[in-house]
Amino acid sequence: MLNQTRKNCNEFSNITFEQANIQDLNYPDESFDKVIAGNVIHLVDDRNKALSELLRVCKIGGYLIIPTYINKHDKSSTDFLLKVFSSMGIDFKEQFTKQSYQEFFESNGLTNGEYEYIDGMLPSAIAVIEKVE
């Protein structure tokens, strides 16, 4: 996936790509204006630690942009798709709904988020949160 992304973005000189551990980012505090964690927060063992790390490396006034897959209603509504993903080695640690996704951020003190929901076979949510002091 990283190689494909590099290939798709090779015309841009201001982008670098690195593989990193979302729960232990090797960057100084407040390193980035925007921090994007695409379709990963539902896969990590400790999503609170991951969120803490994403916030740590984001500058004050910067933005966290965190899209992820969600369930339309409850955890059982996508059981079939989860079994398919599991057979491919993808392990969902959390199955968010619209409500639980927003509550996850708010329970971590991030009450200024904006959320967009995209319906479909694999519904998604995008959280955009400005880091404030």
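This short talk goes through the fold, the nonpolar core, one buried glutamate and the aromatic rings of a predicted model.

Before the details, a word on how the values were obtained: local features need pLDDT of at least 70 and side-chain atom pairs count only at pLDDT 80 or more, while totals for chains, interfaces and linings use all residues. Residues are numbered from 1 along each chain as its sequence is written, and side-chain values use heavy atoms, with hydrogens and water left out.

Let me begin with the fold. The chain has four helices and four strands, where helices (H or I, at least four residues) and strands (E, at least two) are DSSP runs numbered from the N terminus. Along the sequence they follow the pattern α-β-α-β-α-α-β-β. If we take contact to mean heavy atoms within 4.5 Å, then among the contacts in the chain with a separation of 6 or more, 68% are between residues 24 or more positions apart. Of the 133 residues, 32% are buried, that is, under 20% relative accessible area with a 1.4 Å probe and protein chains only, whereas exposed is over 50% and partly exposed lies in between.

Now to the interior. The largest nonpolar core has 24 residues, and those with the most contacts inside it are L51, L54, L64, I66, Y101 and F105; such a core is a set of buried Ala, Val, Leu, Ile, Met, Phe, Trp, Tyr and Cys residues joined through side-chain atoms within 4.5 Å. At least two residues of this core come from each of α2 (47-57), β2 (58-69), α4 (98-107) and β4 (124-130), and α2 gives the most, with five residues. Setting aside residues up to four places away in sequence, I66 touches A37, I41, L51, L54, Y101, F105, A125, I126 and A127.

Helix α2 also holds E53. Is E53 buried or exposed? E53 counts as buried, because its relative accessibility is 8%. Beyond its neighbours within four places in sequence, E53 is in contact with I22, Q23, D24 and L25.

Finally, the aromatic rings. Rings of Phe, Tyr and Trp (its six-membered ring) pair if their centres lie within 6.5 Å, with planes under 30 degrees apart counted as stacked, over 60 as edge-to-face and the rest as tilted; by this rule there are seven aromatic pairs. In one of them, the ring centres of F96 and Y101 are 5.1 Å apart and the planes stand at 70°, so this pair is edge-to-face. Both F96 and Y101 are buried, and ring pairs link F96, Y101, F104, F105 and Y115 into a cluster.
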